[in-house]
Amino acid sequence: MNVQTFNALAEPNRLSIIDLLREEPLPVGQIAEKLNLNQPQASKHLRVLSEAGLVEVQPIANRRIYKLRPEPLQELDQWLDDYRRLWEKRMDRLDDYLNVLQGKKPLN
């Protein structure tokens, strides 16, 4: 798991940009407008997201259109999946234990 991904997503404005770009690719001006940021702030956040590999930019004439790159988010999901499985197993064991305590299941 890339630490740079976590660092990029840890800032609330960058996380909001990711949420916006889930819906559709957007130019920096629209991103800034929707998040109530000035354009230099939005550009700075987009640069961090780009350096982390979370977004890519497509220059079209004098506009820069940003869109999500799925690979880092898929990598994050795979990393989290190990923890999901771990906690599901623990919750299943807890559920079994509670059923034993409530007399719904015999002790193994």
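User: Let's start with helix α5. How many residues apart are Trp79 and Tyr83 there?

Analyst: Happy to begin there, with the reminder that this is a predicted model. Trp79 and Tyr83 sit four residues apart in helix α5, which is about one turn of the helix.

User: And how do I read the geometry of two rings, say those of Trp79 and Tyr83?

Analyst: Look at the distance between centres and the angle between planes: under 30 degrees is stacked, over 60 is edge-to-face, and the rest is tilted. The centres of the Trp79 and Tyr83 rings are 5.0 Å apart and their planes meet at 55°, so this pair is tilted.

User: How many aromatic pairs does that rule give?

Analyst: The count is two aromatic pairs. Besides the one we just saw, Phe6 pairs with Trp79: their ring centres are 5.3 Å apart with planes at 70°, so this pair is edge-to-face.

User: Which parts of the chain does the pair of Phe6 and Trp79 tie together?

Analyst: Phe6 belongs to helix α1 (residues 3–9) and Trp79 to helix α5 (residues 70–101), so the pair ties together parts that are 73 residues apart in sequence. Put together, the ring pairs link Phe6, Trp79 and Tyr83 into a cluster.

User: Are those three rings' residues buried or exposed?

Analyst: The general idea is a scale of relative accessible area: buried is under 20%, exposed is over 50%, and partly exposed is in between. Phe6 has 33% relative accessibility and counts as partly exposed. Trp79, also at 33%, is partly exposed, and Tyr83 is partly exposed at 41%.

User: Stepping back, what pattern does the chain follow along the sequence?

Analyst: The chain has five helices and three strands, in the order α-α-β-α-α-β-β-α.

User: Why is the chain described as more spread out than a compact globule?

Analyst: Here you compare the radius of gyration with what a globule rule gives for that length. For this chain of 108 residues the radius is 21 Å, well over the 13 Å from the rule, so the chain is more spread out than a compact globule. The C-alpha trace spans about 70 × 25 × 20 Å along its principal axes.

User: How much of the chain is buried, and how much surface is exposed?

Analyst: Of the 108 residues, 25% count as buried. The chain exposes about 7,800 Å², with carbon and sulfur atoms supplying 49% of it.

User: One last feature: how far apart are the mean positions of the positive and negative charges?

Analyst: They are 2 Å apart, for 16 positive and 16 negative charges.

Notes
Residues are numbered from 1 along each chain as its sequence is written. This is a predicted model: local features need pLDDT of at least 70, side-chain atom pairs count only at pLDDT 80 or more; totals for chains, interfaces and linings use all residues. Side-chain values use heavy atoms; hydrogens and water are left out. Helices (H or I, at least four residues) and strands (E, at least two) are DSSP runs, numbered from the N terminus. The radius of gyration is taken over C-alpha atoms; the globule rule is 2.2 Å times the number of residues to the power 0.38. Buried means under 20% relative accessible area, exposed over 50%, partly exposed in between (1.4 Å probe, protein chains only). Accessible areas come from the Shrake-Rupley method with a 1.4 Å probe; for residues, only the protein chains shown count as cover. Lys and Arg count as positive and Asp and Glu as negative; His and the chain ends are not counted. The place of a charge is taken as NZ of Lys, CZ of Arg, CG of Asp or CD of Glu. Rings of Phe, Tyr and Trp (its six-membered ring) pair if their centres lie within 6.5 Å; planes under 30 degrees apart count as stacked, over 60 as edge-to-face and the rest as tilted.
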